[in-house]
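Good morning, and thank you for making time for this presentation. I should like to go through one model with you, beginning with its ligand and ending with the backbone.

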Amino acid sequence: MIFPEDFVWGAATASYQIEGAVKEDGRGQSIWDTFSHTPGKVVDGDTGDVACDHYHRYKDDIGLMRELRLGAYRFSIAWPRIQPDGAGPVNPRGLAFYDKLVDELLAAEISPYATLYHWDLPQALEDRGGWTNRDTAYRFADYAAAVHDRLGDRVHTWATLNEPWVSAYLGYGNGVHAPGRRDPAEAMRSAHHLLLGHGLAARRLRPGTVMLVVNSAPVLTPAQVGDPSAVPSEADAAAVHRIHALLTRQFLDPAVHGTYPAEVLEAAARNGGTEHIRDGDLALINAPIDLIGINYYNPCVVESGPGLPADAAWPGSEDVRFAAADAPTTAMGWPIVPDGLSRLLIRLSHDYPEVGLMVTENGAAFDDVVENGRVHDADRLAYLDGHLREVWRAVQAGADLRGYLVWSLLDNFEWAEGYRRRFGIVHVDYPTQTRVLKDSALWYRDVIARNGL
Ligand SMILES: N#[N+]C[C@@H]1[C@@H](O)[C@H](O)[C@@H](O)[C@@H]2O[C@H]12
């Protein structure tokens, strides 16, 4: 299985998950600093205070990337390093870190892919309402422009947001992520303002390549997981349609087509109203983009039935039951369904033929053991192999798929799960910060060298 000649192979990380140095060089506080230091929010009371100490070890980490022959490295820029209070003058020491990071990547012949927002909102903006406040969208666009002014001569691929669904619904809906608010109306307002920020920022990132990164999944009934030809009942088909609208189309339709699905408008009307969606907003959100970034881990399995408990707060999903898949699971409890990725990519390539696709995250958490300086992570290697075969199938089916970025380069701070869940192809021993290339990393290196499986 050989991929197209210009297919991009890389890995992805995010600032709060790997950098550490949370009080260094003028960095301001983020909502994840606040949240992780709030007792009970993160497993084992873990925080990103040190993480992988990437802020100080980035040169060595780029050396590992070079050893793996990565063509691209997707990282995120910590807004609180650039504007400690989320607005106003740029912090030169904060921007200098990314300047050095980008230069080191280029020296290693690795293309830098910068994500501008991977969840670490400056706390000062949250204190003024965060993403429920429309003004935050404008602050985000100013921040994006400031970063692009400095790095745009060397960074040519930009992601505005990472997974706005997660930012909105886990951050403001059910509160399992920062800032930990629990209000369905706030979640819907935040989703809109995140999209508004995306659109405003996208215009200020040219002439770069611009993408929106979404967590997406094929929405399937339990029967469809193993049998794509399974015909759902009318009620189950309605549940599938609704959740696809709320999970994926809520973000891609506005960004690519300048429209909201009716299901989203209906959910908003029932949860706080639609006043936050102002005339002209959708035109602002619908800024031209070049790529959709797809973060895929597992399908979303649903059927008609009683919705999530009230505190789960996913407005619009009231008549949908979230079901288990008949499949093995990762350490996160997520079902392993590789062909879900090809089914998703082919669907999105049909729904949004105007833009290219890139797998911006795919990977798995399994419990790793270091034995004699090696990590034999056969489960993770099998997961990646299976999913890459589906990526290849999607390319053969005609999907305009530009590349694949594994999540993640390093074991890292896994949000509310803390450090107990390891997604890296490189093992990190946190007390010593020792890195060990796992078997999956060595395998991935060979895949890259062959440009295929
Ligand atoms: N959980 N999990 C793994 C991974 C997370 O570590 C990333 O930061 C997110 O972009 C996305 O949720 C996926």
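Please keep in mind that this is a predicted model. Let me begin with the backbone after all, at Pro-207, which is placed in the loop between helix 9 and strand 5, the latter running over 209-215. The peptide bond between Arg-206 and Pro-207 is cis, with omega about 15°. A further cis peptide bond links Ala-178 to Pro-179, and here omega is about 5°. Pro-179 belongs to the loop between helix 8 and helix 9, where helix 9 spans 184-202. One other backbone feature deserves a remark: Arg-69, a residue other than glycine, has a positive phi, near 65°. Arg-69 sits in the loop that lies between helix 3 (54-67) and strand 2 (72-76). As background, most peptide bonds are trans, and most residues other than glycine have a negative phi.

I turn now to the ligand. Which pocket does the ligand take up? The ligand occupies the space of the largest pocket. Around the ligand there are 14 residues, and the closest are Gln-17, His-118, Glu-361, Glu-414 and Trp-415. By class, this shell consists of seven nonpolar, four polar and three charged residues.

Three side chains may be considered for their distances to oxygen atoms of the ligand. For Glu-361, an N or O atom of the side chain is 2.7 Å from a ligand oxygen. For Asn-162, the corresponding distance from a side-chain N or O atom to an oxygen of the ligand is 2.9 Å. For Trp-407, a polar side-chain atom is 3.3 Å from an oxygen atom of the ligand. How much of the ligand's accessible area does the protein cover? On its own the ligand has 320 Å² of accessible area, and the protein covers 93% of that.

Next, the annotations. An unreviewed UniProt entry gives "binding site" for Gln-17, His-118, Asn-162, Tyr-297, Trp-407, Glu-414 and Trp-415. The lining of the largest pocket includes Gln-17, His-118, Asn-162, Tyr-297, Trp-407, Glu-414 and Trp-415. Of these, Tyr-297 is located in the loop between strand 7 (291-295) and strand 8 (300-304).

Which residues does UniProt list under "active site"? In the unreviewed entry, they are Glu-163 and Glu-361. Why may they be said to gather at one spot? Although they span 199 residues in sequence, their C-alpha atoms are no more than 10.6 Å apart, so they come together at one spot. Both Glu-163 and Glu-361 are included in the lining of the largest pocket. As for its position in the fold, Glu-163 is in the loop between strand 4 (157-162) and helix 8 (164-170).

To close, I return to Glu-361: UniProt lists this residue under "active site" in an unreviewed entry, and its side chain has an N or O atom 2.7 Å from an oxygen of the ligand. Thank you for your attention.

Terms used
Residues are numbered from 1 along each chain as its sequence is written. This is a predicted model: local features need pLDDT of at least 70, side-chain atom pairs count only at pLDDT 80 or more; totals for chains, interfaces and linings use all residues. Side-chain values use heavy atoms; hydrogens and water are left out. A residue is near a molecule or strand if one of its heavy atoms lies within 4 Å of it. A polar contact is a pair of N or O atoms within 3.5 Å; within protein, one must be able to donate a hydrogen and the other to accept it, and residues adjacent in sequence count only if both atoms are side-chain atoms. Accessible areas come from the Shrake-Rupley method with a 1.4 Å probe; for residues, only the protein chains shown count as cover. On a 1 Å grid over the protein atoms alone, a cavity is a set of points where a 1.4 Å probe fits but cannot get out, and a pocket is an open set with protein on both sides within 12 Å along at least five of seven lines; lining residues have an atom within 4 Å of a point. A molecule sits in a cavity or pocket if more than half of its atoms lie within 2 Å of its grid points. Ala, Val, Leu, Ile, Met, Phe, Trp, Tyr, Cys and Pro count as nonpolar, Asp, Glu, Lys and Arg as charged, and the others, Gly among them, as polar. UniProt positions are given in the numbering used here, feature names are shortened, and annotations may be inferred rather than shown by experiment. Helices (H or I, at least four residues) and strands (E, at least two) are DSSP runs, numbered from the N terminus.
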